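Biologist: I am new to this structure and would like to be led through it carefully, one question at a time.

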Amino acid sequence: MIKKGNDLRIGFHSIESIINHNPHKIKKIFLPSNRDDLRLNELISLIDKNDLKYEFSSKVKQEPEAIIANDPELNFKDFKDYLNSNLVNQPLILILDNVIDPRNLGACIRCAAVAGADAMIINKHQCAPINAIAHKVSAGGVEVIKLFHVTNLVNCLKFLSEKNVNIYGLSEHASESYHESDFVSSTAIIMGAEESGIREKTLERCDYKINLSSNKLFKSFNVSVATGIILSEANRQRLNK
């Protein structure tokens, strides 16, 4: 590994996504010196096409690594500006309330990107950081979805209600199934912590509490799997409206 920290990105998918969407962020790319194959040569062609700096390194084992310049973190004010700008009609928003594993965070970001979510809101001080691990697991999703960090999630939910966004909270204890939900209109979907789910004060702000499973013996999915299921359903409804 070349360098540790939030300015490190690892993996073909992650680095290719940065090059394709935000090449200005890349300071330098380090390639494994023990590889000479099609996968690596395709990346080198992409690097050369974008006139970026790179070098081979024996310290990099199998996957490329890149040092990047991080963009400023988007906050609640940025989110309000985004929603007030009417850049998106009937937004689909994913909210993470206390997801503490960076791998789950990265997987949720990847799900949001694949499903075409318009934005993600992360509970800043109670959630995993978007570090190199989260970036790698997101497979480049961080580069294609708007990510907002908020310090007071309840205030954010109040704002969403004022903007007529329907707020759905996933809970294994809810009686209503997600199949009965309408995700076509402006929608925010909240996913909770891996062990404890959505916090009670967050659930109180939800317009609807829904579940994913009717299995009485084993109800809960991994948070990233649950995110993929619910966002896929929202995307299906929107495509078929």
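**Helix, sheet and rings**

Modeller: Helix α2 is followed by Asp 51, whose phi is positive, near 55°; helices (H or I, at least four residues) and strands (E, at least two) are DSSP runs, numbered from the N terminus. This is a predicted model in which local features need pLDDT of at least 70 and side-chain atom pairs count only at pLDDT 80 or more, while totals for chains, interfaces and linings use all residues. Residues are numbered from 1 along each chain as its sequence is written, and side-chain values use heavy atoms, with hydrogens and water left out.

Biologist: How far apart are the end C-alpha atoms of α2?

Modeller: The expected span of a helix is 1.5 Å times one less than its number of residues. For the 12 residues of α2 (residues 38-49) that rule gives 16 Å, and the model agrees with it, because the end C-alpha atoms are apart by 16 Å.

Biologist: Around the axis of α2, how wide an arc do the buried residues cover?

Modeller: Buried means under 20% relative accessible area, exposed over 50% and partly exposed in between (1.4 Å probe, protein chains only). In α2 the buried residues are Leu 40, Leu 43, Ile 44, Leu 46 and Ile 47. They lie on the same side of α2, because the arc, taken from the directions from the helix axis to the C-beta atoms, is only 160°.

Biologist: Which strands pair with β7 and β9 at the edges of the open sheet, on one side or on both?

Modeller: Two strands pair if DSSP finds at least two bridges between them. The open sheet has 7 strands with parallel pairing, in the order β7-β6-β5-β10-β8-β11-β9. The edge strands β7 (146-150) and β9 (176-177) therefore each have a partner on one side only: β6 for β7, and β11 for β9.

Biologist: How are the rings of Phe 79 and Phe 148 arranged?

Modeller: Rings of Phe, Tyr and Trp (its six-membered ring) pair if their centres lie within 6.5 Å, and planes under 30 degrees apart count as stacked, over 60 as edge-to-face and the rest as tilted. Phe 79 is buried at a relative accessible area of 0%, and Phe 148 is buried at 2%. The centres of their rings are 5.2 Å apart and the planes stand at 70°, so the pair is edge-to-face.

Biologist: Which parts of the chain does this pair link?

Modeller: The two residues are 69 residues apart, and the pair links distant parts of the chain. Phe 79 lies in helix α3 (residues 76-84), and Phe 148 in strand β7.
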